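Biologist: I should like to go through this structure with you, term by term. Please begin with the vocabulary that the descriptions rest on.

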Amino acid sequence: IKFGSLEALAGGKKDGEKTAPAGSSKGSVTVVPMSDEMSAAKDKHDEMLRKFHIEMRARTIAAPTHDQDVKSQLRNFQEPICLFGEGPAERRDRLKTILAKLEVEQGISANEGVAATVR
């Protein structure tokens, strides 16, 4: 087991010496640029992680339980107050998801988002 920098294995870098460009090999270390497939997989992973954070936050946000309060907050966010076949529980979940998206994507806490829509 070798601890330390990989530069020592590859011959090291001395003052004034340039690093090897991507795709070239220097000693036993090869630097390979990321392929399109790897880039797409990374983007997909980042999107799934963002959705996971939104879902996790939506479960912990305190939203009003009274249906009229939920409708008024949805109205303040310029969202439809009722979707076809949606009951009060689904409407409240939708409000929680909207508040979670605000918090995760824009960095606004749920309480600030509600206060901003009330003004």
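Modeller: Buried means under 20% relative accessible area, exposed means over 50%, and partly exposed is anything in between, with a 1.4 Å probe and protein chains only. This is a predicted model, in which local features need pLDDT of at least 70 and side-chain atom pairs count only at pLDDT 80 or more, while totals for chains, interfaces and linings use all residues. Residues are numbered from 1 along each chain as its sequence is written, and side-chain values use heavy atoms, with hydrogens and water left out.

Biologist: Is Lys 71 buried or exposed, and how do you know?

Modeller: Its relative accessible area is 19%, and the limit for buried is under 20%, so Lys 71 counts as buried. Lys 71 is found in helix α2; helices are DSSP runs of H or I with at least four residues, numbered from the N terminus. Leaving aside neighbours within four places in sequence, Lys 71 is in contact (heavy atoms within 4.5 Å) with Ile 81 and Arg 91.

Biologist: What class does Asp 67 fall into at 22% relative accessibility?

Modeller: Asp 67 counts as partly exposed, because 22% lies between the two limits. Asp 67 is also found in α2, and it touches Pro 88 and Arg 91, not counting residues up to four places away in sequence.

Biologist: What puts the buried residues of α2 on the same side of the helix?

Modeller: The buried residues are Val 70, Lys 71, Gln 73 and Leu 74. They cover an arc of only 165° around the axis, and therefore lie on the same side of α2; the arc is that of the directions from the helix axis to the C-beta atoms.

Biologist: What makes the phi of Gln 78 worth a remark?

Modeller: Gln 78 has a positive phi of about 60° although it is not a glycine. Most residues other than glycine have a negative phi. Gln 78 lies in the loop between α2 (67–76) and α3, and at a relative accessible area of 73% Gln 78 is exposed.

Biologist: Why are α1 and α3 called oblique to each other?

Modeller: Helix α1 (residues 36–60) and helix α3 (residues 88–106) pack at an angle of about 125°, with their axes 8 Å apart. Angles under 35 degrees count as roughly parallel, over 145 as roughly antiparallel, 65 to 115 as roughly perpendicular and the rest as oblique. The angle of about 125° falls in none of the three named ranges, so the pair is oblique.

How values were computed. Axes fitted to C-alpha atoms, helices over the stretch in contact; angles between N-to-C directions. Helix = DSSP H or I, 4+ residues; strand = E, 2+ residues; numbered from the N terminus.
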